[in-house]
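User: Please take a close look at a single part of this model and then follow the pairing and packing outward from there. I would like one connected account rather than a list.

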Amino acid sequence: MTENQIVLDNSGRSTFCQCKQKYFLQNINGWQSNYGSTALRYGSCWHAIQEGYYTWIMKNGWPQTPEDTMTAITDGLKMGKESYDKDSEKKEYYDDYKNFNTAVEGFAAYIDYFATDKDFVEIISTEQKFSCPMEPENALEEKILSKLPPLIFTGKLDLGIKMDGINWINDFKTTGWYLDKVIQQANRSAQFLGYSYAGKKVLDFEAQGCLGNFAYVGSTKSKVTGLYGKNRFQFRRVPQVYNEGDLQAWKLSFIDTAREIHFAKQENLFPESFDNCYQYGACSYLKLCQQHVPYEELNTDGFHVEFWNVLDE
C-alpha cells in the first residue's frame, strides 16, 4: 500500500481480517519470526516442484519417453530444491517429516495418481502474477471506492489448464489436516473466489472456475523412538465453481476490508484480536503483543525485518 493507491493481495487481506495488530507488525513494519514453519516451507517447495514440472510440459508437451519423463521431473525437483534451500537459509526450523525428501516422495506419488492426465489435460499457462484494478460496478461499490485511493488486487495463479475441453484455474494446496474438511472449507475460500474474479479480468482465456489441487501429507511420530514412521499421501482435485452473485459478494467484502485497512492506517488503529491468538498453536507474534508497550519500545529479539510482496516472488 502506498499513499496514492492500495495494493492488497489475499494474504494481506486474510492477515488483517484475522488480527489487525498482526497486520501492523507483519505487513506494515515487516517483522518476521526467526523461526519458520515447516508446513509453509513444504508448501512453497511443493508449488515450486509443480511449477518446474508443468513449465517443461507446457513447452514440450506431455513426456513421450522415459527420458522425457525424467527430464520433466528433474526440472520440477530442481526448482523445488532451490525453494526449499532458500527458505531454509532465511529462518531456523524445528524439523519434522515435512522436508524435501518427503516432497520428492510425495511428488512421485502425485505423478502416479494423476498418470492419466496426459490423455485429457492440456497446460495453458504456468505461474502467472496479476495486478487487477478494482473498478466499481454498482452504486454501493462506487460509494465506497470513491472515498479510497485506487484499489489494486494482486496475486499469483498457479496453473491454467484445459481439462476435457474446459478451461480451469488450478491452485495447488498442501495440508496435514483432514482432507475432506479442508475441501469442504475451500468452497468458501476467499482466495479461490478472488482468483475466479481476477481470472475473468486478467487471463487471456475464460476459466470455468478454480480447481483445488489438494495434496495431503502425514506421518505418525513414535512415542518410543521419537522418530516419524511411513509418510502418508492423499490427493484430490476438486472443482470450485462460483456464480456471479458469489463473485460480487466476494468483491464487496474485499473492498470493505480495503476500506478498513485505509481507516486503520489513517487513525493508526490496529487492535489485537484475542479470538485468534491460538489457531493451530500460538501465533508467532504473541510474544510481541503481550508486551503491551508502545511500538517503539518493543523488544523484538527473535524477529527480523523482511517485507514480502507477491509480485516480487
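Analyst: A good place to start is N170, which stands opposite L211 in β8. The model is a predicted one, and what follows should be read in that light. In the neighbouring register, D171 has G212 of β8 as its bridge partner. These two pairs belong to the contact between strand β7 and strand β8 (residues 210-218), which pair in the parallel sense over 7 bridges. On the pairing with β6, the sense changes: strand β6 (residues 159-163) and β7 are antiparallel, with 5 bridges between them. There M163 stands opposite I166 in β7, and the hairpin of β6 and β7 has 2 residues between the strands, with D164 taking a positive phi near 55°.

How enclosed is β7 by the rest of the structure? Of the 10 residues in strand β7 (residues 166-175), 7 are buried, and therefore the strand is largely enclosed by the rest of the structure. In a regular strand the side chains alternate between the two faces of the sheet. The sheet to which β7 belongs is open and has 5 strands in the order β3-β6-β7-β8-β9, with mixed pairing. Its edge strands are β3 (121-125) and β9 (232-240), each of which pairs on one side only, and from one strand to the next the twist averages 30°.

Helices lie across this sheet. Helix α3 (residues 38-60) lies across β3, β6, β7, β8 and β9, and runs at about 150° to β7. Helix α5 (residues 100-113) lies across β7, β8 and β9, running at about 55° to β9. One residue of α5 can be followed further, namely I111, which is found in that helix. Its relative accessibility is 18%, so I111 counts as buried, the cut-off being under 20%. Leaving aside residues up to four places away in sequence, I111 touches Y53 and I73. I111 and H47 are separated by 64 residues in sequence and by 14 Å in space, taken from C-alpha to C-alpha.

A further sheet, also open, consists of 3 strands in the order β1-β5-β4, and its pairing is mixed. Here β1 (6-9) and β4 (128-133) stand at the edges with a single partner strand each, so that one side of each is left without a neighbour in the sheet. The twist in this sheet averages 25° from one strand to the next. Strand β5 (residues 151-157) pairs with β1 in the parallel sense over 4 bridges, and within that pairing the bridge partner of V7 is I152 in β5. Helix α8 (residues 190-202) lies across β4 and β5, and the angle at which α8 runs to β4 is about 85°.

The packing of nonpolar side chains can be taken up next. In soluble globular proteins, nonpolar side chains tend to be buried together. The largest nonpolar core holds 47 residues, of which L25, L151, F153 and F214 touch the most other members. Helix α9 gives the most to this core, with 7 residues. A second, separate core has 31 residues, including Y42, C45, W56 and A215. For F153 the contacts can be named: not counting residues up to four places away in sequence, F153 touches L8, D9, N10, F130, S131, C132, M134, G194, A198, W250 and F254.

L25, another of the well-connected members of the largest core, is also one of the buried residues of helix α2 (residues 20-28), the others being Q21, K22, Y23, F24 and Q26. These buried residues of α2 pack against α1 (10-18), β2 (31-33), α9 (244-267) and α10 (286-289). Two packed helices are described by the angle between their axes and the distance between the axes. For α1 and α2, the axes come within 5 Å and cross at roughly 135°, and the two helices are therefore oblique to each other. The residues that meet are G12, T15, F16 and Q18 in α1 with K20, K22, Y23, Q26 and N27 in α2. Sorted by class, this contact of α1 with α2 has 2 nonpolar, 5 polar and 2 charged residues. Just after α2, G30 takes a positive phi of about 80°.

Definitions and conventions: Residues are numbered from 1 along each chain as its sequence is written. This is a predicted model: local features need pLDDT of at least 70, side-chain atom pairs count only at pLDDT 80 or more; totals for chains, interfaces and linings use all residues. Side-chain values use heavy atoms; hydrogens and water are left out. Buried means under 20% relative accessible area, exposed over 50%, partly exposed in between (1.4 Å probe, protein chains only). Contact means heavy atoms within 4.5 Å. Two strands pair if DSSP finds at least two bridges between them. Axes are lines fitted to C-alpha atoms, for helices over the stretch in contact, and angles run from 0 to 180 degrees between N-to-C directions. A nonpolar core is a set of buried Ala, Val, Leu, Ile, Met, Phe, Trp, Tyr and Cys residues joined through side-chain atoms within 4.5 Å. Angles under 35 degrees count as roughly parallel, over 145 as roughly antiparallel, 65 to 115 as roughly perpendicular and the rest as oblique. Ala, Val, Leu, Ile, Met, Phe, Trp, Tyr, Cys and Pro count as nonpolar, Asp, Glu, Lys and Arg as charged, and the others, Gly among them, as polar.
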